[in-house]
Amino acid sequence: MLRAASLTWRAIRGFLCTLAAAAVFLAGTSRLHAAQTSSAEAPQKASSASATAKTPPNVVIILADDMGYSDLGCYGGEIETPNLDHLAANGLRFTQCYNSARCWPSRAAIMTGYYPQQVRRDTVPGVRSGGGGVRPAWAPLLSEVLREHGYRCYHSGKWHIDKQPWTSGFDHSYVLNDHNRFFHPHNHQEDGRPLPTPGPNDGYYATTAIARYAVKYLAEHATEHREKPFFLYLCFTSPHFPLQAPQEVIAQYRDRYRVGWNVIQQQRGKRLLEMGLVRNSPPPMEVHLGPPYDFPEAFKILGPAEVKYPIPWNELTPEQKEFQTTKMAIHAAMVHIMDEAVGMVVEQLKKMGALDNTVIFFASDNGASAEIMVRGDGHDPKAPMGSEKTFLCLGPGWSSASNTPFRRHKTWVHEGGISTPLIVHWPQGITARGELRHTPVHFVDVFPTVLELAGISMPDRWNGQERPQPPGKSIVPLFTKDGTVEHDFFWFLHEGNRAIRAGDWKLVAARGDPWELYNLAEDRGETNNLATKLPEKVAELESLWNRLWEQYQQDAKRDLTQAPASNTKPRKAG
């Protein structure tokens, strides 16, 4: 695998120019390291392609997969993420951004502007929905709307939305459908054409390949479509299981995690408080709460070093400590390489003179995962941990640390499952560099935000069908000043886990459990349940949750038998 530190920038630029050929593309897949970071600090060169103040901005949405709230350096983590830290230092960090607890629901919320149940991308009784659900005809993707208004649209990485990107408004798309293999995927496509499985000497690593395809599409845009704005939807599969990364990067982090998950949680919690990102210390780890799904056969395969619960680190055996230390080192390596991949894309934006007028959003599709399973090619306990012959998951101990300072994990709708870092970077449009935004926001806000930036007003009907009132709001006013956008509520449901937030009050319950009530202004760690003390507030919020659930089910079922009519195009706002 090529090492950026051993190459000159002239060689790197020359290498990137070869990306037009797919075979060379796979053979050259590699990572950029420290030299990338120093380049990201260089001033952007003037270019005839640079946008003016009156030009609609380019839009880049970057999603991590199963990354915890505090994994990034700029969110209190110890993982080295200089490129994302740089974007945060020159943009905004949102401290209370919510996702929809799972990969496909969260992607539906971002790309449609609706809660996933409204568009049948999470379970709704009596209608085909969930991961196999198909959106109603009235619910276009953001790419379809932007393309109607002159944007070129590009996608690279994970999809997990119904239909296919090349039929959903994207001009180019690299889709990685194989989520079980980072080194040798069996199922990946470009613009609908199947690609071969990379060989052992091709140097393929999924995270870097996803970025390289994005760079390829941006380079083509700069050459052939520079007069048009673009939308890039960049979806990494990292650090989602299986935990796989190059051994030399894993080695950089192994010693860092020998202190264990309890110490890492407390260190991150302290930094988060010092940085002003949160007001609560980490809650105690829930030592009796394991993975959300039970795969007992996996523990037989993984052996006695695997741990089902986040028990105190000092109670683990030496074998367990070594095994768990390495797992977190792999997770950190995956985040580290993803940061380098983001740096590749930022460097290309600079090269084409587009960075100043490009709005970059970075977030994670859900919290870190407590899941433990073995699938794909199985797990060889004799192979180096993190190699292509192993299948490892983060598990509840390290997931609790990654989600610091919140409770629980992916799939739950306690704060640990639904809280994401959100970085917004736009040199031309955001002058409040390095500031925090404490106003609560949700993924459903991304759609209306991008449309406002692009000057597009959505019609009341799409494909001849009336559209429900979207739940999201544009967060553009927050680019200037905190506290300028207010939501009446945020609503959550996934696999029986349910919650609603109204103001600072949050009502939440795990599947089959009674409601819990928290004042998030004082207790975002969700440790002081006020449900028995304030039954009137519980009843009020429960009534609101139920009323919205009824409405969203109606939205999902409206016009199911109506054939799509001709499209109603969006119009220019104002």
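Among the elements of this protein, the lowest mean pLDDT, 34, belongs to helix α3, residues 34-40, while strand β17, residues 505-509, has the highest, 99, and I should say at once that what we are looking at is a predicted model. Across the protein the pLDDT averages 90, and 88% of the residues score at least 70. Two stretches call for care: over residues 1-53 the pLDDT is below 50, although this stretch has 106 contacts in the model beyond near neighbours in sequence, and over residues 561-568 the pLDDT is again below 50, with 17 such contacts.

Let me turn to a pair of helices. Helix α7, residues 206-224, and helix α11, residues 318-351, have axes that come within 9 Å and cross at roughly 10°; because of that angle, α7 counts as roughly parallel to α11. On the α7 side the contact is made by T207, T208, A211, R212, A214, V215, L218 and A219, and on the α11 side by I337, M338, A341, M344, V345, Q348 and L349. These residues divide into eleven nonpolar, three polar and one charged.

That brings me to the interior. The largest nonpolar core has 84 residues, and those touching the most other members are L72, F236, V345, L349, F362, W398 and I423; α11 gives the most to this core, with 16 residues. If we look at F236 and leave aside residues up to four places away in sequence, F236 touches I62, L63, A64, D65, T207, I210, A211, M338, A341 and V342. Apart from the largest core lies another, of 78 residues, which includes V175, F447, V476 and L493.

Notes:
Residues are numbered from 1 along each chain as its sequence is written. This is a predicted model: local features need pLDDT of at least 70, side-chain atom pairs count only at pLDDT 80 or more; totals for chains, interfaces and linings use all residues. Side-chain values use heavy atoms; hydrogens and water are left out. pLDDT is the predictor's confidence in each residue, from 0 to 100. Helices (H or I, at least four residues) and strands (E, at least two) are DSSP runs, numbered from the N terminus. Contact means heavy atoms within 4.5 Å. Axes are lines fitted to C-alpha atoms, for helices over the stretch in contact, and angles run from 0 to 180 degrees between N-to-C directions. Angles under 35 degrees count as roughly parallel, over 145 as roughly antiparallel, 65 to 115 as roughly perpendicular and the rest as oblique. Ala, Val, Leu, Ile, Met, Phe, Trp, Tyr, Cys and Pro count as nonpolar, Asp, Glu, Lys and Arg as charged, and the others, Gly among them, as polar. A nonpolar core is a set of buried Ala, Val, Leu, Ile, Met, Phe, Trp, Tyr and Cys residues joined through side-chain atoms within 4.5 Å. Buried means under 20% relative accessible area, exposed over 50%, partly exposed in between (1.4 Å probe, protein chains only).
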